[in-house]
Amino acid sequence: MSKPKSILITGGAGFIGSNFIVYFLEKYKNIKVVNLDKLTYAGELSNLNELENNDNYTFVKGDICDTELINELFKTYNFSGVIHFAAESHVDNSIKNPDAFIKTNVNGTFNLIDVAKKHWMEAPFKYKDGCKNNRFHHISTDEVYGTLGETGLFTEDTPYAPNSPYSASKASSDFIVRSYFHTYGMNVVTTNCSNNYGPKQHDEKLIPTIIRKALSKEPIPIYGDGKNIRDWLYVEDHCKGIDLAFQNGLAGETYNVGGKNERDNLYIVHKICEILDGIKPRDCKGSYADLIAFVKDRPGHDFRYAIDASKLENELGWKASENFESGILKTINWYLNKYNS
Ligand SMILES: NC(=O)c1ccc[n+]([C@@H]2O[C@H](COP(=O)([O-])OP(=O)(O)OC[C@H]3O[C@@H](n4cnc5c(N)ncnc54)[C@H](O)[C@@H]3O)[C@@H](O)[C@H]2O)c1
């Protein structure tokens, strides 16, 4: 049997990264994963409980901005790939405290790809021996494209027009990664995904907030008039798309990932309340929907995001398994378990 490859995954204690590592190690028995995570407020080690006895998994607490540490890790593990999830990811926080977003998302991404370049390449367009197929995969968002009106879809050719400090920092990191392909010939790939939902998402995000507030019978806050539209993707479908792009995507290409599941926030909150009414009726016999409370809108709130994922579907054979209605049921059941235990 050949020696297992080692992959560096950053931000793997967060929502998508933890779902991805579990999916990836279950699928590939001959790949070792080192998960580098700073464990900010958004990182949660219990998201990785499934891997407690998995010899192919190693956790390292640390910051992607720490050049010395990243160098040491590359020396120790001789990584043949990086899948980069680590980021500050909450738009509301980026409005209050943009600094951390620039540090981690921009400087951190630069630091990581630059260390990878030094370890893998001896000159522009010249990989060191044995490093030719090493790949840097950058995880990004559809928010870099800005906002859509009532119609249209984001494609990989849509011009970037980020509107929040979060999306601006992600757009910057996408450009850094792009430049390492064009200037140094690095084998990079970027995926830009729509809004994810599913197990292990941080409590601060929309869907966990709706479920948590409903169960504790508190007002369920909805921004503005609730008409903002997102293209919702079940997290495991995102993981499948990342895996395909990491393994088979073309160097220098970007791939959009999205589920053709456009829903506005009003639909989402009513759907969740309707499901909860069915499986965990309120004592007072009212509906959870009675708790919905509209709050002042987020500044610069983008109206609509929607993804055209046909490149990933046609070129790499990706297909989402869940639609919003099937995925949200699984998600609610997971959170019922979490909040009841
Ligand atoms: N959640 C979504 O809907 C969504 C959609 C598209 C793209 N993305 C992108 O996917 C990636 C993961 O998103 P998520 O929702 O899982 O985020 P998350 O906030 O749940 O997790 C981020 C993780 O990164 C870690 N981290 C933060 N700063 C770090 C640093 N400086 N060094 C090392 N680790 C650090 C945190 O501790 C946390 O574990 C991000 O790059 C995000 O931009 C997210």
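**Exercise 1.** In this predicted model, work out whether K240 is buried, partly exposed or exposed, then look at how K240 pairs with D237.

*Solution.* Start with K240: its relative accessible area is 23%. Buried would need a value under 20%, and exposed one over 50%, so K240 counts as partly exposed. Next, take D237, which has a relative accessible area of 1% and is therefore buried. Now bring the two side chains together: D237 and K240 form a salt bridge, with 3.9 Å from N to O. That just makes the cut, since the rule asks for within 4 Å. Finally, place the pair: both sit in helix α7 (residues 235-248), 3 residues apart, so about one helical turn separates them.

**Exercise 2.** Find which parts of the chain the salt bridge between R298 and D92 ties together.

*Solution.* First check the contact: R298 and D92 meet at 2.8 Å, N to O. Then locate the ends. R298 is in the loop between β15 (292-295) and α9 (310-316), while D92 belongs to helix α3 (residues 91-96), so the bridge ties together parts 206 residues apart in sequence. As for burial, both R298 and D92 are buried.

**Exercise 3.** Do the same for E50 and K200, and say where each one lies.

*Solution.* The side chains of E50 and K200 form a salt bridge at 3.0 Å, N to O. E50 lies in the loop between β2 (31-37) and β3 (57-61), and K200 in the loop between β9 (196-197) and α6 (206-215), 150 residues apart. With a relative accessible area of 11%, K200 is buried.

Conventions:
Residues are numbered from 1 along each chain as its sequence is written. This is a predicted model: local features need pLDDT of at least 70, side-chain atom pairs count only at pLDDT 80 or more; totals for chains, interfaces and linings use all residues. Side-chain values use heavy atoms; hydrogens and water are left out. Helices (H or I, at least four residues) and strands (E, at least two) are DSSP runs, numbered from the N terminus. Buried means under 20% relative accessible area, exposed over 50%, partly exposed in between (1.4 Å probe, protein chains only).
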